[in-house]
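Q: Could you take a close look at one part of this structure with me? I would like to start from a single residue and work outwards.

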Amino acid sequence: MSMAEDFSDKKEKINMLMDELIEKHGNPFESGQWKLWCKRPKTIRDRETVIIESILTQRTNWSNVEKSIRNLRSKKLLSLSKILKCPTEVLEKEIKSSGFARQKALRIKNIAKFFIYEMKGLKSAMKMEKDYLRNKLLGIHGIGEETADDILLYALDKPVFVIDQYTKRFVRQHNIAEKTSYNYLQKLFEFSVKKDYKIYQDYHALIIIEMKGKNAKKGNSNIYA
DNA sequence: CACCAGGAATGTA
DNA sequence: TACATTCATGGT
């Protein structure tokens, strides 16, 4: 069975399930249920904030991230250029609430260097091709697939489907696919869903809202990659 | 595949 | 109060 054939029967199921989620939860960016990056970024400053959040949110919950962002904003450090100039110890202190502060401070600096020096700013980075950008991001220490895709989708408006633990759980619970590897699921969703970054944002958000709701009611089930 | 890298919020006794 | 669990992960 070819990849395309394998995908085509799953495509309908995905679209059917997503229609149900839209029906059930509405548009996540308008309903206010989506607490993460709840406004679509407009300005470069917004986009830089999203990039910083994408690192801070690694292995922690959103309220811890919000606290760090508030600290950075009040210290006038909420931009990539400011972060680059800021001593690492100061940065560590401000983002302590997100945990892994020593690692994350270095990671944020790595990203800031990349966008400022190598990409010559966010504006020009946004004009680059998405696969090129993705490979570049994955080459930065501290950025894995999920973080790279968070940045591409939510900060740079690139149509890349983010696969996280919630997405994997969703796929398993609905028997959409047997395989749950990152690459397989990403290809499957990108094949199934109209290639539009706003739709990818909405769908990813909807899956998380849905699965968090289920999590609250029942206990958590086993997750594996 | 196993293990490790911290903090903070929440739940439990 | 003490202790366990959970949280949008990535590197080795």
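In which helix is Phe115 found, and what surrounds that part of the chain?

A: Happy to walk through it with you; please keep in mind that this is a predicted model. Phe115 sits in helix H7, which covers residues 101–118. Phe115 counts as buried because 25 C-beta neighbours lie inside 10 Å, and the cut-off for that label is 20 or more. Leaving aside residues up to four places away in sequence, Phe115 touches Leu80, Gly121, Leu122 and Ala125. Ile69, by contrast, is not on that list of contacts: the C-alpha atoms of Phe115 and Ile69 are 19 Å apart, with their positions 46 residues apart in sequence.

Now to Ile108 and the core. Ile108, Ile151 and Leu152 touch the most other members of the largest nonpolar core, a set of 44 residues. H7 is one of the helices that each supply at least two residues of this core; among the others are helix H3 (44–56), helix H5 (80–85) and helix H10 (145–155). H13 gives the largest share, seven residues. The core also draws at least three residues from each of domain 1 (3–33 + 161–217) and domain 2 (44–155). Again not counting residues up to four places away in sequence, the contacts of Ile108 are Ile52, Ile55, Ile83 and Leu91.

The two domains deserve a word of their own. Their C-alpha centres lie 25 Å apart, and seven residues of domain 1 are in contact with six residues of domain 2. On the domain 1 side, helix H13 (residues 197–217) makes the largest contribution, with three residues. By class, that side has five nonpolar residues, one polar and one charged.

Stepping back to the whole of chain A, you will find 13 helices and zero strands. Of its 225 residues, 31% count as buried. Among contacts with a separation of 6 or more, 64% join residues 24 or more positions apart.

Finally, there is the DNA. The residues around DNA strand B include Arg59, Thr60, Asn61, Lys96, Phe100 and Arg102. The surface near this strand has seven polar, three charged and one nonpolar residue. Phe100 is the nonpolar one, because Phe falls in the nonpolar class.

Conventions. Residues are numbered from 1 along each chain as its sequence is written. Chains are lettered from A and ligands numbered from 1 in the order in which they are written. This is a predicted model: local features need pLDDT of at least 70, side-chain atom pairs count only at pLDDT 80 or more; totals for chains, interfaces and linings use all residues. A residue is near a molecule or strand if its C-beta atom, placed from the backbone, lies within 6 Å of it. Helices (H or I, at least four residues) and strands (E, at least two) are DSSP runs, numbered from the N terminus. A residue is buried if 20 or more other C-beta atoms lie within 10 Å of its own, exposed if 12 or fewer, and partly exposed in between; C-beta atoms are placed from the backbone. Two residues are in contact if their C-beta atoms, placed from the backbone, lie within 7 Å. Domain bounds come from an automatic or database domain assignment. A nonpolar core is a set of buried Ala, Val, Leu, Ile, Met, Phe, Trp, Tyr and Cys residues joined through C-beta atoms within 7 Å.
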